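Welcome to this guided tour! Please open the structure in your viewer and keep the selection tool at hand.

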Amino acid sequence: MDYHTLSIAITDKIATVTLNRPELRNAFNEQAIAELALAFDELGRNELVRAIVLAANGPAFCAGADLNWMKKMAGYSHDENHADALRLADMLRTIYLCPKPTIAKVQGDCYAGGMGLVAACDIVVAAEGVNFCLSEVKLGLIPATISPYVIKAMGEQAARRYFITAERFDATVAQRLGFAHEVVPLEELDITVMGIVRGLVSNSPHAVGEAKKLVREIVGQPVSDALLDDTARRIAEIRASGEGREGVSSFLEKRKPSWLN
């Protein structure tokens with residue numbers, strides 16, 4: 001497919017999805033939402049891809065919703081608004097549930113819905129000086145569709161503050177809240193992200209996917225007999241899997257596992 005709001009490149013098992021509307025601060029509209037959903041769905045199923053980097057062109061990472069799109073939404077009926085919001089929610093879920101590890105490379109300011117894109121990724125690396133803002137209430141709106149991911153990323157107590165104040169906070173605060181994993185000088189952003197990605201692609205693809213599912217499905221559960229049985233079943237299944245057997249054998253035989261060949 002020809003993408004108009006994104007650029008996509010695949011090199012050495014690493015896919016880079018780049019938001020490519022720099023003149024609009026990479027704000028998204030219906031087309032950008034549809035293209036992001038399609039890109040992450042297709043890359044998630046691409047056996048040649050081991051990791052996906054979400055990046056952006058220009059000085060801003062993502063300013064949230066495109067103003068022209070917002071003007072159009074103002075004339076929508078309730079049902080049209082609901083359907084439109086569901087498309088955004090589905091796109092964010094596609095990123096969140098992507099079977100491949102996802103890394104957000106945040107080079108510039110990230111506002112509103114852009115924070116949802118970042119929060120839906122597994123790993124977040126931001127440049128020093130980047131600002132974040134959940135600005136919806138300034139416009140009489142709420143960060144509803146992005147809330148499941150942003151609350152998971154920054155925690156309930158931080159969300160209680162920033163959802164209602166619409167304050168800007170910088171990358172250092174984002175890291176302290178747990179929203180960003182690493183904060184580095186802008187000139188070190190590429191090398192830092194590539195270091196993380198190279199580590200990811202050296203791991204068992206099947207185990208990485210199962211580890212992602214493990215976090216999603218175990219978090220918040222009580223430590224019950226059912227949970228113990230579930231975790232025991234998971235490790236038993238992966239021990240018996242092809243990559244599980246190959247990983248242990250290659251370690252004992254002091255050779256590279258087959259997925260590195």
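In what order do the strands of the open sheet lie? Switch to a cartoon view of this predicted model and follow the order β1-β2-β3-β5-β7-β10 across the 6 strands, whose pairing is mixed. Now select residues 6-11 for β1 and 182-184 for β10: these are the edge strands, and each of them pairs on one side only. Turn the sheet in your viewer, too: on average, neighbouring strands are turned by 20° against each other, with direction ignored.

**Stop one: strand β5**

Next, select residues 102-106, which make up strand β5. This strand is mostly covered, with 5 of its 5 residues buried. Show the side chains here. Which way do they point from β5? T102, A104 and V106 point one way, while I103 and K105 point the other way. In a regular strand, side chains alternate between the two faces of the sheet. Both groups in β5 are buried, K105 included.

**Stop two: the neighbours of β5**

Keep β5 in view and add residues 51-56, strand β3. The pairing of β3 with β5 is parallel and runs over 3 bridges. Two places are good to zoom in on: I52 stands opposite T102, and V53 has I103 as its bridge partner.

Now add residues 123-127, which form strand β7. How many bridges link β5 and β7? There are 4, again in the parallel sense. To find one spot along this pairing, select V106 in β5 and look for A126, which stands opposite in β7.

**Stop three: the cysteines**

For the last stop, select C62, C110 and C133 and show their sulfur atoms. How many disulfides does the structure hold? The count is 0. For C62, the nearest cysteine sulfur belongs to C110 and is 6.3 Å away, so C62 is in no disulfide, as a disulfide needs two sulfur atoms within 2.5 Å.

Why is C133 without a bond to C110? The closest cysteine sulfur to that of C133 is in C110, but it is 10 Å away, which is too far for a bond.

Before you leave, turn on the surface and look for C62 and C133. Are they buried or exposed? C62 is buried, with a relative accessible area of 1%, and C133 is buried too, with a value of 5%.

How values were computed: Residues are numbered from 1 along each chain as its sequence is written. This is a predicted model: local features need pLDDT of at least 70, side-chain atom pairs count only at pLDDT 80 or more; totals for chains, interfaces and linings use all residues. Side-chain values use heavy atoms; hydrogens and water are left out. Buried means under 20% relative accessible area, exposed over 50%, partly exposed in between (1.4 Å probe, protein chains only). Two strands pair if DSSP finds at least two bridges between them. Axes are lines fitted to C-alpha atoms, for helices over the stretch in contact, and angles run from 0 to 180 degrees between N-to-C directions.
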